[in-house]
Amino acid sequence: MLKEKHNYKGTLICVEGIDGSGKSTQLALLRDWLKSTGQDVIFTEWNSSELISQTTKLAKKKNMLSPRTFSLLHAVDFADRLKQVIDPALKAGFIVLADRYAYTAFARDVARGVDSNWVRKVYDFAIKPDLAIYFDINPKDSMERICANRAPKFYEAGMDLKLSNDPYESYMIFQGRVIKEYQKMVDEFGLVKLDAMDSIHSKQVAIREMLKEVLTAKGVNL
Amino acid sequence: MTAQFKTKHGYEGLLIVIEGTDGSGKSTQLELLKKSIQAQSYGVMVSEWKTSRLIANVIDDAKDRNLLNATTYSLLYAADFADRLENQIIPALKSGFIVLLDRYYYTALARDVVRGQDIEWVKNLYDYAPEPDLVFYLDMPVDVLLKRIIGTTGLDFYESGRDVGFSTDFYKSFEIYQKKCLEQYNNMKSEYHFKSIDGTLPINKIHSIMDEEVQEILSSGVLK
C-alpha cells in the first residue's frame, strides 16, 4: 500500500528523520500557517494513541522490550491512529500532518536487527503519503542538538543492542544505522530529502512550495 | 529403540501445543499432560495464550472499552506472543524444558482471518515462531461447543465475534463466528500437521492418546 497512490479527498504529509533533525519544528510552522489560511488540518504524532502509547512508554522505562515486541507495539500504535484518525480525516478531506510515519519503524526496527521485509509487510495497511519529507542530519549534529542538557535515553541510544556501555558512543553507532536505513528509503519510497542543517526559513520555504504543488494537483489552491 | 528424534526447531527442549476453539477442553488436557510429564522428572513449563505481563492487560482493557479494530486486534495479540516467545518460551526451550502451550499462533490465524485480515499478512506476523514438535488439535462440533460455553463461562463479546458484526443476536453471532473459526482450523490441519483428536471423547481417553504421542518422543531419548 505504501507504493500505491491513495484516492482520498484529503492530503497526507509526513516528516521523517532522527531526533534533533528539526522535523517537529517544521511541521508546527506548517500547521500554524495552514490553519491561518483556513485549511482543515489535523496533526498526529508517533506513539501517541490512546490504546497503547502509555504501555509502550512504561515498558521502555523498564527496558523490557525485545526488538520484535518493540516493533509490534509501535505497529499497534500506528494502526490505531491510522484507522481512528488518519483514515477518517483523509476521507473527510483534511490535510493530515504526521510527525513520523511507517518509515520511522522501517528505519529504527531494521537498525535493531528486525528483518526489513518483515517489518514492511507488518505495515502493509499503511496509506502512501502525498508528500514524505526526510530531514537528513549526521549523528553528531543530532546528538549535539538533543543532548545539550541531558544524556541520550536508553532506546534512543540503542542501548538495548549493547553496542557500547557509553550512551553517547552507543547513540552515535545506533543513530548512524538508523540514518543509513532512512537514506535507503529515499529511493525506495520517494522520500524527499532536505538538509537538516539548512536554516529554518529556507526549509519552510521549500516545504510550502512542495505542499502547494501537491495541493494544486488535487485542485486545492492555497 | 526408536530412531533418534530430532526437534523441529533446533532447541534442546520440546515444544508441544494444544489447539482448539474455546470450550474444547484444552486447559483440562494441558493440566493432565503437565502432571504426567512432571511425574517422569522432566522440566515442564506451561504458557497460555494472551498472558504476557506487558500486553495482556492492555488487550483486556481495550476489549472492555471496545477500542479494537481488526488490525489493532491482530497486532496486539502478535505483540503479546512475541513478548512471551522471547521472554519465556525460547529461553525455556534453550535450557531443555518441555514447553506446553495452550494455543499457538494457529489461534491468531483462525481468528484474524475470520476478522477479515489477509492470511499472508497474518502469517508474516508469526513467521519467526519455532515449529512445534507436536500440535494436538481438539476437534469439536459447533453445537457441543455452544452448549459447553453457554453452560460454563457464558457468551463473551469478542469470542462471539460480535465485533465483526455477523449478527446482533448473541447466539447467532457466536454460532457463525465459531463455525468460521472451525473452518479455518480445518484448513490448517494438514498444513501444520495437527494431530486431530475427537474432542467429544472422554477426558481420560483424550489424555491417553496425547500421552502416548508424547511418550513416543520421550522414549527416543531426545531429552537425555
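In what order do the five strands of the open sheet of chain B stand, and is their pairing parallel or antiparallel? In this predicted model, in which local features need pLDDT of at least 70, side-chain atom pairs count only at pLDDT 80 or more, and totals for chains, interfaces and linings use all residues, the five strands of chain B form an open sheet in the order 2-3-1-4-5, and the pairing is parallel. Residues are numbered from 1 along each chain as its sequence is written, while chains are lettered from A and ligands numbered from 1 in the order in which they are written.

The edges of the sheet in chain B are taken by strand 2 (44-48) and strand 5 (195-198), each of which pairs on one side only, where two strands are said to pair if DSSP finds at least two bridges between them. From one strand to the next, the twist averages 20°. Strand 4 (residues 134-139) of chain B is joined to strand 5 of chain B in the parallel sense by four bridges, and B:Tyr137 stands opposite B:Ser196 in strand 5 of chain B. Helix 3 (residues 70-94) of chain B packs on this sheet, where it touches strand 1 (14-19), strand 2 and strand 3 (98-102) of chain B, and its direction makes about 160° with that of strand 2 of chain B; axes are lines fitted to C-alpha atoms, for helices over the stretch in contact, and angles run from 0 to 180 degrees between N-to-C directions.

Helix 3 of chain B also holds B:Ser74, which counts as buried because 27 C-beta neighbours lie inside 10 Å. The term buried applies to a residue with 20 or more other C-beta atoms within 10 Å of its own, exposed to one with 12 or fewer, and partly exposed to those in between, with C-beta atoms placed from the backbone. Beyond its neighbours within four places in sequence, B:Ser74 is in contact with B:Ala108, B:Asp112, B:Gln117, B:Val122 and B:Leu125, contact being defined by C-beta atoms, placed from the backbone, that lie within 7 Å. For one of these partners, B:Gln117, the C-alpha to C-alpha distance from B:Ser74 is 8.4 Å, across 43 residues in sequence.

Taken as a whole, chain B contains eight helices and five strands, these being DSSP runs numbered from the N terminus, with helices (H or I) of at least four residues and strands (E) of at least two. Their succession from the N terminus is β-α-β-α-α-β-α-α-β-α-α-β-α. The radius of gyration of chain B is 18 Å, which agrees with the value near 17 Å for a compact globule of 224 residues; this radius is taken over C-alpha atoms, and the globule rule is 2.2 Å times the number of residues to the power 0.38. Along the principal axes, the C-alpha atoms of chain B fill a box of roughly 55 × 35 × 30 Å. Buried residues account for 38% of the 224 residues in chain B, and 79% of the contacts between residues at least 6 apart in sequence join residues at least 24 apart.

Chain A likewise has eight helices and five strands, and along its sequence the pattern reads β-α-β-α-α-β-α-α-β-α-α-β-α. For its 222 residues, a compact globule would have a radius of gyration near 17 Å, and chain A, with 17 Å, agrees. Of these 222 residues, 44% count as buried.

The open sheet of chain A comprises five strands in the order 2-3-1-4-5, with parallel pairing. Strand 2 (41-45) and strand 5 (192-195) of chain A each have a single partner strand, so one side of each is left without a neighbour in the sheet. Strand 2 of chain A runs parallel to strand 3 (residues 95-99) of chain A, to which five bridges join it, and A:Phe43 has A:Leu97 in strand 3 as its bridge partner. Helix 3 (residues 67-91) of chain A lies across strand 1 (11-16), strand 2 and strand 3 of chain A, at about 160° to strand 2, whereas helix 8 (residues 200-217) of chain A lies across strand 1, strand 4 (131-136) and strand 5 of chain A, at about 165° to strand 4.

Between the chains, 20 residues of chain A are in contact with 18 residues of chain B. Helix 2 (53-61), helix 3 and helix 5 (116-122) of chain A each supply at least two residues of the side that touches chain B, and helix 3 of chain A gives the most, with nine residues.

Technical notes:
Contact = placed C-beta atoms within 7 Å.
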